[in-house]
Amino acid sequence: MLKMYLEVIRIRFLMMLAYRVNYYSGIVIYSINIGVYYFLWMSIYGDKPSLQGLTAVQMATYIAVSWMARAFYFNNLDREIAQEIRDGTVAIQLIRPYHYLIVKAFQGLGEGVFRLLLFSVPGMLVVSLVFPLDLPGLSWDWLKFACSLFLGFIINVEVNLLTGVLAFFILNNEGMIWAKRMIVDLLSGLTIPISFFPGWAQAVLSYLPFQAISYLPSMVLVKGLSGDAFWHALSVQAAWCVLLAIPVQLIWLRARKTLIVQGG
Amino acid sequence: MRSIEARGLTKEFKVYQSRPGLKGAFRDLLNRQYRTIRAVDAIDLTIEQGEMVAYIGENGAGKSTTIKMLTGILQPTAGELKVNGFDPHREREKFVKTIGVVFGQRSQLWWDIAVQESFRLLKQVYQVPDADYKQRLDRMIEVLDIGGLLDQPVRKLSLGQRMRCELVAALIHQPKLLFLDEPTIGLDVLVKENIRRFLREINREFGTTVLLTTHDISDIEALCSRVVMLDQGKVIYDGGLQELRRNWAKGKKVHFELAREVDMSELEARTAGMPLRWERKGERQVVLHLEQPDLAVSDVLAQIVQHVHIVEMQIEEVSTEEIVRKIYQEGMTLA
């Protein structure tokens, strides 16, 4: 089984290589985003040393880390699933002896690992030369960050699977996919760190899974969360990983029953 | 052991009906109307291990829907179904290891990567041991002549090349049962022949059961001894290809070229009482339609040959294709 999933990851690697242009354009887009948010936030900071418990340097680090983390956890699984349902290729997936959604998740992992190695790591090196960042040196913080980032990835995959599988019921869920993308970017703390939201919104967001995708992992690295604070963040993420798996599986089973294969 | 056992297999779909016009569209928003379509209507089907069966019918007769139930993709609305001893939908993951499927209109290879990468992934998916994988792959590469295609991405292959690779992909785990949904659609004669020969080979050697849907009657003639014909979701014929021909090929046609012009009435008079019909084609050409299969050509000849000088004659069997067309048009009322 494990061999099969490794093979799935490898194949996705090959496919990413087949579409190199996408990869290059991704680098440009992410660089622009990091630049834009960096200058925007620096002008908001002005000459204030810190806002909402984040210093200007921490903020710059937060921007760089959260965008580079996004390169890892972001994928278009929802769009791919919706596409396969719409054009009927999902039938091919169902004649294979594997769980379609788990294989999809591993494809997402293949994509994530590809971008992490060929994009985030070199990107981070470049960005840390251009902007003044405050990254920990060789320390356990990176391992903690890696754990937290991986859980964030799983949560994002589950959210994507959920959105994608809804295409079984609503054949054209393109609008929903776009809305979800915006919601995840905003509510996960990518565009605005959660600590900048008004108090009531922070209270609401702490009950939603989105902050566990990006905000928590980024804070682990930026603030160097340790001890109880770290374990609390990690257990919140783990809880969401488990909780979200339930509706994904339920909707999947329901979808398989009502499946109509499009186009013959 | 039986490959397929279905009792009263039924699949219904709900189809939403949209009301006409803008007003109708608004009403549809609030209250949608639908009707139920019975795509497959209580069919019984038993197929033994090692059989090669053609599953035919017009477009929309319910062939593809049946295949999708038999392969576990769709859940039947009603009826009992056992394929290779499994309930295809409920035990899907275990069940699909025992079948291979080729959909002529959909590719199961990965579009953007080399063919051999797809094979490697399928090897892992079906957990085929290295030795078996190598042996089977080498053999299929040789028989289907795809050695030169392995390092090409699938999108660069022609239809015939791709279809041969699809077959390899469907057989890499040596399934006991192979579903082919229009495998030869759009292929040239040589590729078709190559594929058919290969299918006969695996059927003979490994006893692989083959269920084939096709619109190409020559596929059936080349491969299948048994035909199941479907119309509007119901099985209207299930039996041998030979019997189908015998029952439906109501006689033959015989083309005569005569030495001199003969009056039709003379021919009719000499063969009076026989179940046949004469038709004039030209001055000296006539066609004899034998309207019952048990009427022998020699009996007719015996009646006329002493009075009419025959220059040339040609017996024409009714092709399976004509028979099938006739059944599609007239229904199965006579069989």
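**Close-up 1. Helix 10 of chain A is mostly covered.** In this predicted model, helix 10 of chain A runs over residues 215–222, and 8 of its 8 residues are buried. Start at Tyr215(A) and follow the buried residues through Leu216(A), Pro217(A), Ser218(A), Met219(A), Val220(A) and Leu221(A) to Val222(A).

**Close-up 2. Helix 10 of chain A has three helices as packing partners.** The buried residues of helix 10 pack against helix 3 (56–73) of chain A, and also against helix 7 (140–165) and helix 11 (227–258) of that chain. Try finding each partner in turn, with the buried residues of helix 10, such as Met219(A), as your starting point.

**Close-up 3. Gly224(A) has a positive phi.** This glycine sits just after helix 10 of chain A, and its phi is about 60°.

**Close-up 4. Chain B meets chain A.** Here, 24 residues of chain B are in contact with 21 residues of chain A. On the chain B side, the elements that give two or more residues are helix 2 (63–70) and helix 4 (115–125). Helix 4 of chain B provides the largest share, with 5 residues. Sorted by class, the side of chain B that touches chain A has 10 nonpolar residues, along with 7 polar and 7 charged ones.

**Close-up 5. Chain B is divided into two domains.** Domain 1 of chain B is made up of residues 2–7 together with 44–246, while domain 2 covers 250–317. Taken over C-alpha atoms, the centres of domain 1 and domain 2 of chain B are separated by 45 Å.

Technical notes. Residues are numbered from 1 along each chain as its sequence is written. Chains are lettered from A and ligands numbered from 1 in the order in which they are written. This is a predicted model: local features need pLDDT of at least 70, side-chain atom pairs count only at pLDDT 80 or more; totals for chains, interfaces and linings use all residues. Domain bounds come from an automatic or database domain assignment. A residue is buried if 20 or more other C-beta atoms lie within 10 Å of its own, exposed if 12 or fewer, and partly exposed in between; C-beta atoms are placed from the backbone. Helices (H or I, at least four residues) and strands (E, at least two) are DSSP runs, numbered from the N terminus. Two residues are in contact if their C-beta atoms, placed from the backbone, lie within 7 Å. Ala, Val, Leu, Ile, Met, Phe, Trp, Tyr, Cys and Pro count as nonpolar, Asp, Glu, Lys and Arg as charged, and the others, Gly among them, as polar.
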